[in-house]
Amino acid sequence: MSVTIAIPVYNAERYLSLAMSSVLNQSFSDFELIILDDGSSDKSMEIARSFNDDRIRIISDGKNLGLPARLNQITKLAKFDLIARMDADDIIPLDRIEKQYEYLMSYPQKDLVTMGCAYIDNSHVLGVSIPKQSYNLTFKDMLNGQHGICHASILVRKSWYKRNQYDSDMHRVEDYELWLRAFLNNDLNVGYIQDVGYYYRSDVTLNSSKYINTFNGGLLVAKKHNLSIEYKIKMKFKIILSKLIFACHLQDKILSKLSYDSKYEKESIDYNCLLNKLNS
C-alpha cells in the first residue's frame, strides 16, 4: 500500500523547500507528494517546481479557497488509500511516515494515527507535546482540546476522510471542529505513537486578528453543535482578553515567556541533526 502526502501552500517561500525536503527524504519512499497551491503570490510554486522528483504532483489553479477547502480537495486528488498532511512551513522527522504506516498496518481497526509534536523556531525546540499511549476520550476532553491529536501530524485512511470532510466555514478551527464532530458521530478511532513526529514552527509574533478569529471560530463551532452557554461565555471572554492584551501592548511580554528550555535538549539535538541533513 502506498501513501499520499499533501502540503497545502499559501505564500510559503521562506520554508517550503525545507518542508518538501523533509518529505522527499523519508525512510518510507513509496508515496506521492501533492503540493496544493492556494493562490500564492510569492515564489512558492517556483520553489516547488525546482525539485526534480517524479513523486511530486503540483496543483495550482490560481484561486485562494482557504485551507479547509484545500484539505477536502486533497481527499479527491489522492491516488492512495492512506493520506498524510503537513503544513508548508513545518518539518517532519525522516521516519515519520514509516512509523505511522507500520502502525496502521498493525491496527486495521484504527482510522487515523497521530504522533507527538515539537514546537520550534529556526534553531531550538521550544516545547514538546507527546500524546499518551491511549485516551478514553470524553466530550469534555474534546471541548478542551485534550485529545492528543496533533493536527498536521496525522496519517489517515482515505475512507475516513470521505466520511469526515472539513467544514469550509470553520477557518482557523477546521481541525478542532472536525475532531469534535467525528467524536459526536462515534467515528474518531485514533491511535497514538509516543514519539515526536512533527516539528511545528511556533509564531515569532503574536497577531491580534489571528487570536480573535480563532475564538470567533469557537463561537461558530458552538452554534453549529449547540454547545453550552458556558462554552460560549468562555469564547467571548477570550476575545475580550485578547483585545485587552493587544490594546495594552502586552503581547511581547507574553511572547518572551516562550524560550528555550534545557529539558528539551535531546529533542533540540534531534532537530538540529535533521536540519543539518536537510541542508547538506
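The following paragraphs go through the interior of this predicted model, from its nonpolar cores and buried helices to its empty spaces and its cysteines.

The largest nonpolar core is a set of 36 residues, and within this core L112, W160, W179 and L188 have the most contacts. Several elements each supply at least two of its residues, namely the strands β2 (31-37) and β8 together with the helices α3 (67-77), α5 (139-143), α6 (158-163), α7 (174-184), α8 (208-225) and α9 (229-247). Among these contributors, α7 provides the largest share, with five residues. W179 can serve as a point from which to look around: once its neighbours within four places in sequence are set aside, W179 is in contact with L112, M142, H147, I149, H151, I154, W160 and L188. Apart from this core lies another one, of 35 residues, which includes F28, L82, C117 and I193.

Two helices can be followed in detail. Helix α1 (residues 16-24) is largely enclosed by the rest of the structure, because eight of its nine residues are buried. Those buried residues are L16, L18, A19, M20, S21, S22, V23 and L24, and they pack against the strands β1 (3-9), β2, β3 (56-59) and β8 as well as the helices α2 (44-49) and α11. Helix α3 is mostly covered, with eight of its 11 residues buried. In α3 the buried positions are P68, R70, L71, N72, Q73, I74, T75 and L77, and their packing partners are β1, β2, β3, β4, α6 and α7.

Helix α3 also leads to the enclosed space in the model. There is one cavity of 30 Å³ or more, and the largest cavity holds about 40 Å³ of space. Its lining is made up of L71, I74, T75, I83, R85, Y161 and Y166, and the elements that give two or more residues to this lining are α3 and β4 (82-85). The largest share, three residues, comes from α3. Sorted by class, the lining of the largest cavity has five nonpolar residues, one polar residue and one charged residue.

What classes of residue line the second largest pocket? Its lining has six nonpolar and seven charged residues, and no polar ones. About 330 Å³ of space lies in this second largest pocket, which is lined by 13 residues, with P93, D95, V196, Y199 and D270 lying nearest its centre. Both β8 (190-201) and α11 (265-279) supply at least two residues of the lining, and α11 gives the most, with six. These two elements were met earlier, since β8 and α11 are among the elements against which the buried residues of α1 pack.

The cysteines remain to be considered. A disulfide is a covalent bond between the sulfur atoms of two cysteines. Taking as the cut-off a pair of cysteine sulfur atoms within 2.5 Å, the count comes to zero disulfides. C150 is in no disulfide, as the nearest cysteine sulfur to it, that of C117, is 3.7 Å away. Is C150 buried or exposed? With a relative accessibility of 11%, C150 counts as buried, whereas C248, at 47% relative accessibility, counts as partly exposed. C117, for its part, is one of the residues of the core of 35 residues described above.

Terms used:
Residues numbered from 1 in each chain as written. Predicted model: local features only at pLDDT ≥ 70, side-chain atom pairs only at ≥ 80, totals over all residues. Heavy atoms only, no water. 1 Å grid on protein atoms, 1.4 Å probe; cavity = no way out; pocket = protein on both sides within 12 Å on 5 of 7 lines; lining within 4 Å. Points joined across faces, edges and corners; volume = space filled by probe spheres on them. Helix = DSSP H or I, 4+ residues; strand = E, 2+ residues; numbered from the N terminus. Nonpolar A, V, L, I, M, F, W, Y, C, P; charged D, E, K, R; others polar. Buried < 20%, exposed > 50% of the residue type's maximum accessible area, 1.4 Å probe, protein only. Core = buried A, V, L, I, M, F, W, Y, C linked by side-chain atoms within 4.5 Å. Contact = heavy atoms within 4.5 Å.
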